[in-house]
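Let's take a walk through a protein together, one step at a time. Have the picture at hand and turn it as you read.

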Amino acid sequence: KKNLATSYDVVDLGNTHFNRNDDYVDYAQKVARAVAEGDAMGILFCDTGVGMEMVANKVKGIRAVNATSELM
């Protein structure tokens, strides 16, 4: 986040502390909607990325991919 902030305006839509009841769906939707509604880019982080990608792709105008390398 610090590295990105040197070149971009960074808005963290994640939680601020660990909560066992957090649901990745809530965060994926927040990011996808923010990107769809504005001139923005988003990065989603999770264990595999598959769930986040699927949730984000359900938001109209979003095309999320599960990239596991710089080449991807």
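Before we count anything, one definition: a helix here is a DSSP run of H or I with at least four residues, a strand is a run of E with at least two, and both are numbered from the N terminus. With that in hand, you can find three helices and zero strands in the protein. Starting at the N terminus, the order of the elements is α-α-α. Keep in mind as you look that this is a predicted model.

Now step back and take in the overall form. Along its principal axes, the C-alpha trace of the protein spans about 35 × 30 × 25 Å. How does the radius of gyration fit with a compact globule? For 72 residues, such a globule would have a value near 11 Å, and the protein has 12 Å, which agrees. Of the 72 residues, 17% are buried. You can also ask how contacts link parts of the chain: taking contacts between residues at least 6 apart in sequence, 32% join residues at least 24 apart.

Next, let's look at a pair of helices. Find helix 2, which covers residues 24-37, and helix 3, which covers residues 50-57. Their axes come within 9 Å and cross at roughly 50°. Are the two helices parallel or oblique to each other? Angles from 35 up to 65 degrees fall outside the parallel and perpendicular ranges, and helix 2 and helix 3 are therefore oblique. The crossing in which helix 2 passes helix 3 is right-handed.

Which residues meet there? Helix 2 brings Tyr24, Val25, Ala28, Gln29 and Ala32, while helix 3 brings Gly51, Met52, Val55 and Ala56. The residues of this contact divide into seven nonpolar, two polar and no charged.

Let's stay in helix 2 and visit two of its residues, beginning with Val31. Is Val31 buried or exposed? Its relative accessibility is 15%, and buried means under 20%, so Val31 counts as buried. Leaving out residues up to four places away in sequence, Val31 touches Leu13, Gly42, Ile43 and Leu44. Val31 and Glu53 are 22 residues apart in sequence, and their C-alpha atoms are 11 Å apart in space.

The other stop in helix 2 is Ala34. At 36% relative accessibility, Ala34 counts as partly exposed. Setting aside neighbours within four places in sequence, Ala34 is in contact with Leu13 and Ala40. Leu13 is also one of the residues that Val31 touches. Between Ala34 and Val55, which are 21 residues apart along the chain, the C-alpha separation is 14 Å.

Finally, follow the chain into the segment after helix 3, where you will find Ile62. Ile62 has a relative accessibility of 7% and so counts as buried. What does Ile62 touch, not counting residues up to four places away in sequence? The answer is Ala32, Val35, Ala36, Ala56 and Asn57. Two of these names, Ala32 and Ala56, also appeared where helix 2 meets helix 3. Ile62 and Ala36 are 26 residues apart in sequence, yet 6.3 Å apart in space from C-alpha to C-alpha.

Our last stop, Ala67, lies in the segment after helix 3 too. With a relative accessible area of 44%, Ala67 is partly exposed. Ala67 and Glu53 are 14 residues apart in sequence and 9.8 Å apart in space, again from C-alpha to C-alpha.

Notes
Residues are numbered from 1 along each chain as its sequence is written. This is a predicted model: local features need pLDDT of at least 70, side-chain atom pairs count only at pLDDT 80 or more; totals for chains, interfaces and linings use all residues. Side-chain values use heavy atoms; hydrogens and water are left out. Axes are lines fitted to C-alpha atoms, for helices over the stretch in contact, and angles run from 0 to 180 degrees between N-to-C directions. Angles under 35 degrees count as roughly parallel, over 145 as roughly antiparallel, 65 to 115 as roughly perpendicular and the rest as oblique. A crossing is left-handed if the near helix is turned anticlockwise from the far one by less than a right angle, and right-handed if clockwise. Contact means heavy atoms within 4.5 Å. Ala, Val, Leu, Ile, Met, Phe, Trp, Tyr, Cys and Pro count as nonpolar, Asp, Glu, Lys and Arg as charged, and the others, Gly among them, as polar. The radius of gyration is taken over C-alpha atoms; the globule rule is 2.2 Å times the number of residues to the power 0.38. Buried means under 20% relative accessible area, exposed over 50%, partly exposed in between (1.4 Å probe, protein chains only).
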